[in-house]
Number of protein chains: 2
Amino acid sequence: MTRAESETLLRSLGLRPTPQRMLILQAILNSPGHICAEDIYEQVREEYPHINISTIYRTLELLKEHHAISVTDLGQGSVLYELLKEERHHHMVCLCCGKILEFDHRFLEPLEASLEEGYRFKAQIDHFAIFGLCADCQGEEDD
Amino acid sequence: MTRAESETLLRSLGLRPTPQRMLILQAILNSPGHICAEDIYEQVREEYPHINISTIYRTLELLKEHHAISVTDLGQGSVLYELLKEERHHHMVCLCCGKILEFDHRFLEPLEASLEEGYRFKAQIDHFAIFGLCADCQGEEDD
DNA sequence: TCCAATTGTGCAATTAGTTGCATGTGCATA
DNA sequence: TATGCACATGCAACTAATTGCACAATTGGA
């Protein structure tokens with residue numbers, strides 16, 4: 001993600017494109033898949049050493065509220081962030097071997113539809129992490 | 001939940017029924033609905049003042065691993081715990097007014113089935129919190 | 001009943017994340 | 001281009017939760 005692209009994205013969300021925010025966005029995009037706050041912090045600091053970790057967290061919170069990023073706790077001690085694309089996906093985490101699999105958002109559409117029909121509740125599911133046992137581990141005893 | 005019942009529950013999970021653990025379990029059950037770690041701590045301390053907060057967290061972690069309790073982050077700053085019953089339920093949290101609604105576990109069964117069919121992944125969904133907009137708030141603009 | 005092995009606890013230090021407040025910056029308006 | 005206001009940031013203090021380690025309690029087996 002270029003500087004110009006991150007500026008455009010921020011403006012489209014109604015957020016001020018400050019240097020800190022642009023660097024944070026770029027760190028998220030330049031990482032393959034998920035990235036944690038501490039890693040964003042390290043990356044941004046290389047170009048902007050004065051940045052404070054609370055700015056990272058506040059920016060991530062803002063981006064989350066605007067559904068620009070997904071926020072996921074895969075049970076690894078710190079939370080992971082990812083840019084939300086058109087093609088949303090979610091994760092299955094194996095409790096036994098730790099493997100992480102992806103599934104497409106359309107698996108959740110029936111659930112969204114039934115909650116809307118049953119309760120008139122409009123779910124905003126940016127990202128789910130579902131824990132369980134993968135195919136390989138279902139025979140195993142160490143759960 | 002009586003002392004004897006909590007002892008039985010702990011033994012059935014293969015856990016030692018220590019006084020601390022029995023009091024923690026009783027605090028969870030005696031609370032209507034969800035309870036947070038700090039409130040469990042306060043309650044247990046009345047009968048067992050020497051207890052340490054880390055014992056609370058370690059016991060909760062154990063009970064979670066044994067699927068005896070559910071662990072939920074409703075976005076209130078601290079995580080909530082609840083005894084798992086046969087009739088599992090989940091929550092919808094309105095991002096606009098904060099209202100919390102319940103839905104029955106059977107809404108999730110099609111999802112579990114499709115993940116199993118599609119990926120041979122056996123989901124263990126003890127508790128979900130789904131965020132979105134309730135019926136009353138869907139017209140509002142303050143998201 | 002006693003004892004060793006195992007498991008659990010308290011304590012203190014640590015980590016991830018949050019908040020209040022004073023200061024600094026970006027942007028619309030003139 | 002200047003100016004004021006709203007918004008953003010850094011800093012320091014704080015909270016919720018976790019961890020390593022030494023000591024304590026519980027259990028099964030002699």
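This is a guided tour of a predicted model, chain by chain and strand by strand.

**Stop 1: chain A alone**

Select chain A and show it as a cartoon. Its secondary structure comes to five helices and seven strands. Trace the chain from the N terminus. The elements follow the order α-α-β-α-α-β-β-β-β-α-β-β. Along the principal axes, the C-alpha atoms of chain A fill a box of roughly 50 × 40 × 25 Å.

Now zoom in on helix 1 (residues 3-12) of chain A, and show the side chains of Glu7(A) and Arg11(A). These two side chains meet in a salt bridge, 2.9 Å from N to O. Why is the spacing about one helical turn? Arg11(A) and Glu7(A) are separated by about one helical turn because they sit four residues apart in helix 1 of chain A. Searching the whole structure gives 12 salt bridges over all chains.

**Stop 2: the two copies**

Add chain B. Superpose chain B on chain A: a rotation of 180 degrees does it, with 0.0 Å of shift along the axis and an RMSD of 0.1 Å. The two copies are therefore related as by a two-fold rotation axis. To find that axis from the side of chain B, pick Leu111(B). Of the residues of chain B, Leu111(B) comes closest to the axis, its C-alpha at 3.6 Å. The same surface serves both copies, since 100% of the contact residues of chain B recur in chain A.

**Stop 3: the interface of chain B and chain A**

Select the residues in contact between the two chains. There are 31 from chain B and 31 from chain A. About 2,500 Å² is buried between the chains, and carbon and sulfur atoms give 69% of that area. Which residues of chain B lose the most area to chain A? Show Phe107(B), Tyr119(B) and Phe121(B). Together they account for 25% of what the chain B side buries.

Next, look for charge pairs and polar pairs. Across this interface the rule finds zero salt bridges. Polar contacts do occur: the count is eight residue pairs, with both residues at pLDDT 80 or more.

Colour chain B by element. Five elements each supply at least two residues of the side that touches chain A:

- strand 4 (89-94)
- strand 5 (100-104)
- helix 5 (109-119)
- strand 6 (122-123)
- strand 7 (129-133)

Then colour by residue class. The side of chain B that touches chain A has 21 nonpolar, four polar and six charged residues.

**Stop 4: DNA strand C**

Select DNA strand C and the 20 residues around it. The nearest are Tyr57(A), Arg16(B), Thr18(B), Arg21(B) and Thr55(B). Which parts of the strand lie within 4 Å of the protein? Of those atoms, 71% belong to sugar or phosphate, and the rest to bases.

Three contacts are worth displaying. Start with Gln20(B): a polar side-chain atom lies 2.9 Å from a sugar or linking oxygen of DNA strand C. At Asn52(B), a backbone N or O atom lies 3.2 Å from a phosphate oxygen of the strand. Finish at Ser54(B), where a polar side-chain atom is 3.3 Å from a base nitrogen.

Three helices each give two or more residues to this surface: helix 4 (53-65) of chain A, plus helix 2 (19-30) and helix 4 (53-65) of chain B. By class, the surface divides into five nonpolar, nine polar and six charged residues.

**Stop 5: DNA strand D**

Switch the selection to DNA strand D, again with the 20 residues around it. Thr18(A), Arg21(A), Thr55(A), Tyr57(B) and Val79(B) come nearest. Of the strand's atoms within 4 Å of the protein, 69% belong to sugar or phosphate and the rest to bases.

Which phosphate contacts can be shown here? Each row below gives a distance to a phosphate oxygen of DNA strand D.

| Select | Protein atom | Distance |
|---|---|---|
| Arg21(A) | polar side-chain atom | 2.7 Å |
| Thr55(A) | N or O atom in the side chain | 2.4 Å |
| Val79(B) | polar backbone atom | 2.9 Å |

Highlight helix 2 (19-30) and helix 4 of chain A, then helix 4 of chain B; these are the elements that give two or more residues to the surface near DNA strand D. The residues of this surface fall into five nonpolar, nine polar and six charged.

Conventions
Residues numbered from 1 in each chain as written. Chains lettered and ligands numbered in written order. Predicted model: local features only at pLDDT ≥ 70, side-chain atom pairs only at ≥ 80, totals over all residues. Heavy atoms only, no water. Near = heavy atom within 4 Å. Polar contact = N/O pair within 3.5 Å; in protein donor to acceptor, adjacent residues only side chain to side chain. Nonpolar A, V, L, I, M, F, W, Y, C, P; charged D, E, K, R; others polar. Least-squares fit on C-alpha atoms with pLDDT ≥ 70 in both. Contact = heavy atoms within 4.5 Å. Buried area = accessible area lost by both parts, 1.4 Å probe. Salt bridge = Lys/Arg side-chain N within 4 Å of Asp/Glu carboxyl O.
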